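Here are some notes for someone opening this structure for the first time. Have the viewer ready and go through the points in any order you like.

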Amino acid sequence: MSQFRSLASVLRGSGLWMLGRNGPGRGCSSRVTQLSPSALSSSYVEEMYYAWLEDPRSVHESWDAYFRNAQASSPVGEAEEKRPSMLLQGRAMSQTPAMSLKVVEDHLAVHNLIRAYQIRGHHVAQLDPLGILTADIDSFVPSDLITTIEKLGFYGLDESDLDKTFQLPSTTFIGGHETTLPLREIIHRLETSYCGHIGMEFMFINNVEQCQWIRQKFETPGIMKFTDREKRTLLARLVRSTRFEDFLARKWSSEKRFGLEGCEVLIPALKMIIDRSSAAGIESVIIGMPHRGRLNVLANVVRKDLDQIFCQFDPKLEAADEGSGDVKYHLGMYHERINRETDKNITLSLMANPSHLEAVDPVVQGKTKAEQFYRGDTEGKKVMSILMHGDAAFAGQGVVYETFHLSELPSYTTLGTIHVVVNNQIGFTTDPRMARSSPYPTDVARVVNAPIFHVNADDPEAVMYVCRVAAEWRSTFNKDVVIDLVCYRRFGHNEMDEPMFTQPLMHKQIRKQEHVLKKYADKLISEGVVTLQEFEEEVAKYDKICEEAYTASKDEKILHIRHWLDSPWPNFFTAEGEPKCMSYPPTGLTDEVLKHIGEAASSVPLQDFSIHSGVSRILRGRADMVSKRTVDWALGEYMAFGSLLKDGIHVRLSGQDVERGTFSHRHHVLHDQEVDKRFCVPLNHLSPDQAPYTVCNSSLSEYGVLGFELGFAMASPNALVCWEAQFGDFHNTAQCIIDQFISSGQAKWVRNNGIVLLLPHGMEGMGPEHSSARPERFLQMSKDDPDRYPEFTGDFEVQQLYDCNWIVVNCSTPANYFHVLRRQILLPFRKPLIIFTPKSLLRLPEARSSFDEMTTGTKFRRIIPDEGPASKNPGKVKRVIFCTGKVYYELAKERKQLKLEDTVAVVRLEQISPFPFDLIKAEAELYANAEMIWCQEEHKNMGYYDYVRPRFLTVLSNKKPVWYVGRDPAAAPATGNKFTHLAELKRFMDTAFNLSAFEGRSF
């Protein structure tokens, strides 16, 4: 049919359409007439063409001229190619014009039929191993698929047409080397390709080349063939997968293990993906998965020693490492080994993760991106990710959608992920019809044009073929692909659960269901691929391996969580996993380095680059500050980033609008005002041997993007990875990442991470949102003991930092912000750093720092003591106000106006957690006669008060009170009324400097 369409397009392109034959029946005239589009059907053109083939004189001379010119103008060879097939030409020559039109219509109908199977064949594919459900909850049977003979009528065909031969279009490969097939055979081959144990969704992809590639992989006759060796390998892998679960069930029948029964084919499926990827050049695979089947994956894919897995079931095993540890089906593993199929080295990393399903998805992607970055793998040919999902979680968890939308963003793409859905056809106890609105659990993947391959998990060879194609797709196109393993869960949600409560019919069928291993073994034995004896020997061999490992596991007395580490950092720690020292050098820099970075921050390194006048003014302002040896907040950050880059430390800043900065203060990416898409990053022009700087605006996502940056920070300790929230309170949509990974990750998985969270915070009268970064939540999760004064030998600061789970700071000066960023890298270990960053202080003239606070020998100040008149004569001081962040500047201004600078001392707490007990104790002793106040701008039930109060009392041995000054308790973080905001501020400022405010109160 392609020659008809080519001709029709030529005619349409001319803009002139000629009327057909002479005679009143067609209403034709001898003149050229332009018709409306509605009158110009391709069938009409084709009818003219057939008539012209039969007798050129039977059509108008204008048609005759066009057809002759169309053939004459074709290049040699192409003209022959564009001629109708001998089949069609013969029909056209031997039939009347009306009969010729029927031939064309029948061919068009057959082409539509082929396309219908390509688009909707998956709806009738035999995907459910149990045979009781359809994989899509609609149970939809399309009317245009030939499921009964009567449906031929949909296309204007009937049973008598089944043996007629039809020309195949170029958009199908069912013919193999044949260009024509009888209709009966066409339907048979379409059913084989699209309605068997594999169902494909790919025709929504808006790329013809990719669609053709998939069609060729699944439609070509006989393409889904396996050698006897491949079948034996598949059987051996299925033996290991099945017998591993059987062994655990025998030895620990009453233990939760979230086994793989019902989807044992997952193990050979993953190994096929890894084999094919290794053959294509992949050297490292990062894997994320839920709990179901994790132990089996650890044992038979990652190759964790079996005795290490079995000893996890011993209730008497003591933990050697500090921290909580985690249950065995959450643990991860890192292992480098030889791939037996390709004889190449491959590194497998299975990421540890919590029970929060799908939370690990963006973390895996971030770690994958980081490994690609450090290897210079810009095409994704060396590092890739595999994500496994459950059907209910894949459809239900929003982070899946967020992660998909990172897949093709320049600074976040991992150049193709293979997703494997273990589709139990049920959630915990929830039926799919109650768990999702989409037909399939995988429909979310359609948003990024990822092909989706549904496959019956009880057909191991079909699964292997799909996995082979998926790996080749990823290697060819560097795009995501989804494999939907339609299976079942032989037991309940876990081995102790009773599924008959809620799914009685399904589990009656499951109890009757023959195991896939037996079915496949019987198939290969009947084919003569293996003998029964060979199969039994394979089973006995693996059973023996398990028994020997079980015996060895009894010798294990101590559990080392670090043996399950998923992201090791070679040479950063000692062999025992300890820091190489317990100190860090000063974080200050020489004047020359500060000046050099300042000049880069205030200039444009590219020639003929036209910047915005507003940006030009900002750069001039920076130059002026550098000449005066001062920095504001943005320039202090520039100094920190630039100095680390010069030292070879990669810096990555990610988040919403971070390139410019939410508050238009950063401008790390300059845009040419005259040339579209021309931009410049001055921090990448500091010196020839510097590390690269990555600054990237993210999608409008917190959960997905913060998870991604956490994963990126896992890959190497020698990088400063920062995520900035647009406003501090937006981090609460990423609370899962903060709670399950950042706060507790080291305790659960012995995994250091140095990610930095930049959270804009401050009561500016902007309403309940955009005010508070919720510091109380971070402080509540800080693990230091409020009632015990820590006793350390050596460096108190570093020992405290080493013992904490994260660091929480609220810097009040650009210099301290500069130092805390540099300290993050110079420490001999890594801890997450939470920084409450300012808004109004970004441009406050008083909130600037001198180079003197940043030069050689200076370092981060955990507290900034009062350095005014009060500190010169502490005995006369009547009140010490402790505070943190922006409120200091309001207190200092009020104190100056009231002329109380020698009577009231104001001390800034810069590092809130871990609490600087030693420095607070020194201040308390210095002002021993003064009363102590904690002042904050946040409401009393928020902010820092509940955290600092018991620690202050510990410092004071509970002998003196610490009075509260600030806003009253409230449900919302801030008022939305500007007048109320200012009234609240005035009220607590009055209290702060009313020296008799707490007289007569009991402690």
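Among contacts in the protein chain between residues at least 6 apart in sequence, what percentage join residues at least 24 apart?

1. The answer is 79% of those contacts. Before going further, keep in mind that this is a predicted model. The protein chain runs to 1003 residues, and 59% of them count as buried. Along the chain you'll find 34 helices and 28 strands.

2. A good place to zoom in is Ser 284, which sits in strand S4, covering residues 284-288. With a relative accessible area of 1%, Ser 284 is buried, because the cut-off for that label is under 20%. Leaving out neighbours within four places in sequence, its contacts are Thr 347, Glu 371, Arg 375, Lys 382, Val 383 and Met 384. With one of these, Glu 371, the Ser 284 side chain makes a polar contact of 2.9 Å to the other side chain. Also have a look at Ile 346: it is 62 residues away from Ser 284 along the chain, yet their C-alpha atoms are separated by 5.6 Å.

3. Next, helix H8, residues 208-219. Does its length agree or disagree with what 12 residues should span at 1.5 Å a residue? It agrees: the expected span is 16 Å, and the end C-alpha atoms of H8 are 16 Å apart. Of the 12 residues in H8, 9 are buried, so the helix is largely enclosed by the rest of the structure. The buried ones are Gln 210, Cys 211, Gln 212, Trp 213, Ile 214, Arg 215, Lys 217, Phe 218 and Glu 219. At the N-terminal end, Asn 207 acts as a cap for H8, with a side-chain oxygen 3.0 Å from the backbone nitrogen of Glu 209.

4. Now for the open space. The largest pocket holds about 910 Å³. It is lined by 36 residues, and Arg 562, Gly 577, Gln 746, Val 750 and Asn 752 are the closest to its centre. Strand S6 (333-339), helix H26 and helix H28 (796-803) are the elements that give two or more residues to this lining. Sorted by class, the lining of the largest pocket comes out as 16 nonpolar, 11 polar and 9 charged residues.

5. Closed spaces come next: there are 10 cavities of 30 Å³ or more. The largest cavity has a volume of about 110 Å³. Its lining is made of 13 residues, with Phe 741, Ile 742, Gln 746, Arg 751 and Asn 753 closest to the centre. You may recognise Gln 746 from the list for the largest pocket. At least two lining residues of the largest cavity come from each of helix H24 (703-714), helix H25 (735-743) and helix H26 (745-749). Which helix gives the most? That is H25, with 3 residues. The class split for the lining of the largest cavity is 5 nonpolar, 7 polar and 1 charged.

6. The second largest cavity contains about 80 Å³ of space. Its lining has 16 residues, and those nearest the centre are His 761, Asn 810, Pro 838, Gly 885 and Lys 886. Two or more lining residues come from strand S21 (833-837), and likewise from strand S27 (931-939). By class, the lining of the second largest cavity has 5 nonpolar, 6 polar and 5 charged residues.

7. A few backbone details deserve a check. The peptide bond between Ser 913 and Pro 914 is cis, with omega about 0 degrees. Pro 914 is in the loop that runs between strand S26 (911-913) and helix H32 (917-926).

8. Two residues have a positive phi without being glycine. Glu 358 is one of them, at about 75 degrees, and Asp 657 is another, with phi near 65 degrees. Glu 358 belongs to the loop between strand S7 (344-350) and helix H13 (360-375), while Asp 657 is in the loop between strand S14 (650-655) and strand S15 (670-671). Are these residues buried or exposed? Glu 358 counts as buried at 7% relative accessibility, whereas Asp 657 is partly exposed, with a relative accessible area of 36%.

Key:
Residues numbered from 1 in each chain as written. Predicted model: local features only at pLDDT ≥ 70, side-chain atom pairs only at ≥ 80, totals over all residues. Heavy atoms only, no water. Helix = DSSP H or I, 4+ residues; strand = E, 2+ residues; numbered from the N terminus. Buried < 20%, exposed > 50% of the residue type's maximum accessible area, 1.4 Å probe, protein only. Contact = heavy atoms within 4.5 Å. Polar contact = N/O pair within 3.5 Å; in protein donor to acceptor, adjacent residues only side chain to side chain. 1 Å grid on protein atoms, 1.4 Å probe; cavity = no way out; pocket = protein on both sides within 12 Å on 5 of 7 lines; lining within 4 Å. Points joined across faces, edges and corners; volume = space filled by probe spheres on them. Nonpolar A, V, L, I, M, F, W, Y, C, P; charged D, E, K, R; others polar. Expected span 1.5 Å × (residues − 1).
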